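Me: I'd like to learn how to read a protein structure, one feature at a time. Could you walk me through this one?

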Amino acid sequence: MKTDVLIAMILMAVSCTPKLGDSPVEKIVGQMSVDEKVRTVVGTFTQTATPPPVAPGVNNRADYPGSKEATALSKNQVPGAAGDGFPIERLGIPAIVYADGPAGLRIDPRRENDSTTYYCTAFPGGTLLSSTWDTEIVKEVGAAIGDEVLRYGVDVLLAPGMNIQRNPLTGRNFEYYSEDPLLSGLTAAAYVNGVQSNGVGTSVKHFAANNQELYRNGINEIISERALRELYLRGFELVTKLAQPWTVMSSYNKINGTYASENKWLLTDILRDEWGYQGFIMTDWFGADDPVLQMEAGNDLLMPGTPNQIEELKEAVASGRLSEDVLDRNVKHILEVLAKTPRVKGYAYKNDPDLFAHAIISLNAATEGMVLLHNNGALPLETKTVALFGNYGYDIQPGGSGSGYVNRAYKINLDKGLAGAGYTLDKDLAAAYKNYIAEEKAKLPEEYFWVIPTVEEMSVSNEMIRSASSSDAAIITIGRMSGEGGDRSEAKGDYLLSDQEQSLVKRVSKEFHSKGKPVIVVLNIGAPVELTGLENQVDAILLAWLPGQEAGSAIADIVSGTVNPSGKLPVSFAKNYHDIPSSKNFGLSSGEINTVRYEEDLMVGYRYFTTAGVKPLYPFGFGLSYTTFEYSDFRIEDNTLCVKVKNTGLRPGREVVQFYVEKPGGDSTRPKYELCAFSKTKLLSPGETADVMVKLETAINPLEQWTDSGWSLVPGTYRFWAAASSENLILNTNKTY
Ligand code: BGC
């Protein structure tokens with residue numbers, strides 16, 4: 001054959017090869033070999049890594065053999081990203097980059113032989129974001145995170161985490177939103193819409209019922225379909241219908257005997273067929289153990305990918321155990337999403353996010369989500385000298401550990417935040433704390449994403465307290481660290497305050513109160529601790545959550561009154577851990593290894609407290625303000641809930657209005673009432689009235705209940721409440737359906 005003919009033929013073949021982004025996905029799949037298809041459904045952690053055992057007790061991803069190699073493989077793209085996809089150049093499929101996580105992008109901040117830094121903004125954690133009850137702010141945070149994702153060359157963000165906070169001891173609660181699925185789902189939808197507005201993807205996780213870290217790789221959760229539908233799946237249903245996340249991450253755990261990633265009913269029948277999901281589903285890192293079952297269930301992508309998975313899938317296709325049609329279907333799901341990614345679109349990223357602008361967004365969100373739990377008038381703090389007690393004041397925790405960690409450029413401690421707000425701090429006390437923390441930290445390993453070492457509280461002598469009491473007020477910080485890979489404990493120093501913390505509160509209060517000076521407690525925690533009795537001892541309690549890198553400034557803005565607190569609790573604070581029904585079957589408490597029975601069924605959080613008549617210490621939906629609000633004129637027009645809310649106090653403020661519904665049917669195993677809508681007013685000036693109007697959600701019907709025959713709007717009279725918290729129902733009206 002003549003050379004020019006040959007060249008022409010090659011050129012023709014090349015130009016006929018379909019390219020992702022230009023050609024229909026079916027055409028590309030049609031051109032792929034089995035090997036290429038298999039590699040498309042397995043991440044590139046690859047070739048060197050060995051999967052971890054799936055046996056119970058494997059909790060710590062840092063122990064996984066091969067995790068160092070994973071980092072090495074990511075080096076060429078975005079160092080520190082959690083995983084990559086397999087590139088097939090001839091079909092225009094690049095190596096897609098996947099990176100964590102919920103509170104901001106997690107990539108390595110420094111690279112070898114490179115003086116540029118790649119810091120990301122640490123935004124507030126999930127519990128704080130949902131405490132804003134403000135989906136616009138959450139969307140703004142999502143948009144800023146998505147901008148960093150795009151500009152740092154990542155395609156898909158592995159967030160948001162949105163599992164139900166079933167029990168306060170779950171190690172990853174700080175990443176999650178709430179004990180209520182409506183609040184979780186609407187918060188997640190806002191976040192996903194924000195991130196994806198940048199043309200990058202999200203991965204809502206962990207689907208589903210990933211409610212504990214202990215034995216997370218093998219735990220079998222026994223859950224009724226009703227509880228699944230109404231609680232554990234409902235938020236995911238909302239986010240799917242309202243935001244179409246590009247990807248969903250299946251969870252490690254089993255549900256009623258089947259791993260989530262091998263569960264066709266969950267992934268295909270419900271998520272895809274029933275809810276209309278259009279993206280693709282990936283496993284959590286090394287999730288479950290049978291790639292063929294995962295493929296068949298509709299778990300499209302196995303992350304981060306292992307050589308065994310590649311071999312097993314190839315063999316399964318060759319032997320006929322896995323139908324190539326199933327593989328084609330999954331490849332198609334993946335490619336349809338990849339076609340939208342910045343990498344396929346050829347976006348030339350410049351590593352240039354506006355970190356300053358994002359810091360302001362982080363700060364605003366943090367102040368909007370802090371919750372004032374108690375105040376006898378001490379806040380806002382008018383006086384100007386402050387004695388700041390507690391390690392966390394000088395070493396604040398912006399977020400938790402694990403994959404949700406963010407490599408930020410800095411964090412603002414509370415001492416700095418208070419100074420910035422014009423307060424003068426007791427210098428000797430501050431110096432003692434700073435020296436102590438520096439000395440103790442020098443003995444500990446350096447902080448990295450998996451481990452954030454914390455220092456035991458400094459012991460403070462009565463003499464130090466006496467001398468510090470020349471300040472006008474005391475602020476005591478109490479903090480907790482938790483993270484991926486382990487749950488918290490019920491013990492003192494974790495769920496309970498430690499003896500040292502109790503003693504500090506007692507002695508500082510005695511001294512300051514004897515001089516008529518206020519004592520304020522600031523909580524730097526990601527999930528509830530037991531606070532029973534604390535408010536009898538101190539004048540104010542501010543729940544700052546894990547507020548992101550601007551922590552100190554955000555807290556100071558609330559303390560000074562620059563911002564009037566308007567956050568409300570997305571989770572109940574019980575008086576006693578054993579008041580919580582799931583305390584009987586969480587972790588090892590049921591005595592059954594590797595199985596957890598969700599015996600409380602629907603009675604999670606306020607659903608239990610309000611139905612059983614057990615009073616929590618601080619109820620779901622509760623939060624104080626520096627002003628007061630009055631509710632009037634509650635009515636329901638069509639399906640819109642309307643109520644007037646007037647600021648009756650002296651300061652501008654925002655109010656989170658909640659609507660609860662009592663459903664008919666007389667089923668005593670059901671919650672007495674449930675959140676069916678919410679809204680946050682704009683900033684109302686003193687005397688100003690807002691006409692709050694919220695349409696009942698239409699993506700799902702919050703009035704339905706799960707029955708043996710599926711979702712049902714049980715005919716009868718529904719009583720609606722306009723409420724300031726789950727325990728403060730103010731006005732009601734009925735409607736018959
Ligand atoms: C976590 C996920 C995370 C993934 C990648 C897993 O250990 O459970 O939430 O996205 O690692 O870092």
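Reply: Sure, we'll go through domains, helix pairs, sheets and a few backbone details in turn. This is a predicted model, where local features need pLDDT of at least 70, side-chain atom pairs count only at pLDDT 80 or more, and totals for chains, interfaces and linings use all residues. Residues are numbered from 1 along each chain as its sequence is written, and side-chain values use heavy atoms, with hydrogens and water left out.

Me: Let's begin with the big divisions. Which domains does the assignment give for the protein chain?

Reply: Domain bounds come from an automatic or database domain assignment. Here that assignment gives domain 1 (37–47 + 66–338), domain 2 (366–568) and domain 3 (627–736). The C-alpha centres of domain 1 and domain 3 lie 33 Å apart. As for touching, 17 residues of domain 1 are in contact with 20 residues of domain 3 (contact means heavy atoms within 4.5 Å).

Me: Now helices. How do I describe two that pack together?

Reply: Two packed helices are described by the angle between their axes and the distance between the axes. The axes are lines fitted to C-alpha atoms, for helices over the stretch in contact, and angles run from 0 to 180 degrees between N-to-C directions. Helices (H or I, at least four residues) and strands (E, at least two) are DSSP runs, numbered from the N terminus.

Me: What are the angle and axis distance for α15 and α21?

Reply: Helix α15 (residues 355–369) packs against helix α21 (residues 551–560) at about 45°, and their axes are 9 Å apart. The two are therefore oblique to each other (under 35 degrees counts as roughly parallel, over 145 as roughly antiparallel, 65 to 115 as roughly perpendicular, and the rest as oblique). α15 passes α21 in a right-handed crossing. A crossing is right-handed if the near helix is turned clockwise from the far one by less than a right angle, and left-handed if anticlockwise.

Me: Which residues of α15 and α21 meet?

Reply: From α15 come L363, A366 and T367, and they meet S553, A554, D557 and I558 of α21. By class, that contact has four nonpolar, two polar and one charged residues. Ala, Val, Leu, Ile, Met, Phe, Trp, Tyr, Cys and Pro count as nonpolar, Asp, Glu, Lys and Arg as charged, and the others, Gly among them, as polar.

Me: Can I see another pair? At what angle do α8 and α10 pack?

Reply: Helix α8 (residues 225–232) and helix α10 (residues 264–274) pack at about 50°, with axes 14 Å apart. That makes α8 oblique to α10, and their crossing is right-handed. E225, L228 and R229 of α8 make the contact with W265, I270 and E274 of α10. These residues divide into three nonpolar, no polar and three charged.

Me: On to sheets. How do strands hold together?

Reply: Strands of a sheet pair through backbone hydrogen bonds, either parallel or antiparallel. Two strands count as paired if DSSP finds at least two bridges between them. One open sheet of four strands has the order β10-β9-β7-β18, with mixed pairing. β10 (258–259) and β18 (595–597) are its edges, each with a single partner strand, so one side of each has no neighbour in the sheet. Inside this sheet, β7 (residues 220–222) and β9 (residues 254–255) pair in the parallel sense over two bridges, and E221 has I255 in β9 as its bridge partner.

Me: And which strands run antiparallel, joined by eight bridges?

Reply: Those are β26 (residues 717–725) and β27 (residues 728–736). Y718 stands opposite K735 in β27. The two strands form a hairpin with two residues between them.

Me: Last topic: backbone oddities. Where are the cis peptide bonds you'd point out?

Reply: One cis peptide bond joins A159 and P160, with omega about 5°. P160 is in the loop between β5 (156–157) and α7. Another cis bond runs from L379 to P380, with omega near -5°, and P380 is in the loop between β12 (371–375) and β13 (385–389).

Me: What about phi of W133?

Reply: Phi of W133 is near 50°, a positive value in a residue other than glycine. You'll find W133 in the loop between α5 (126–131) and α6.
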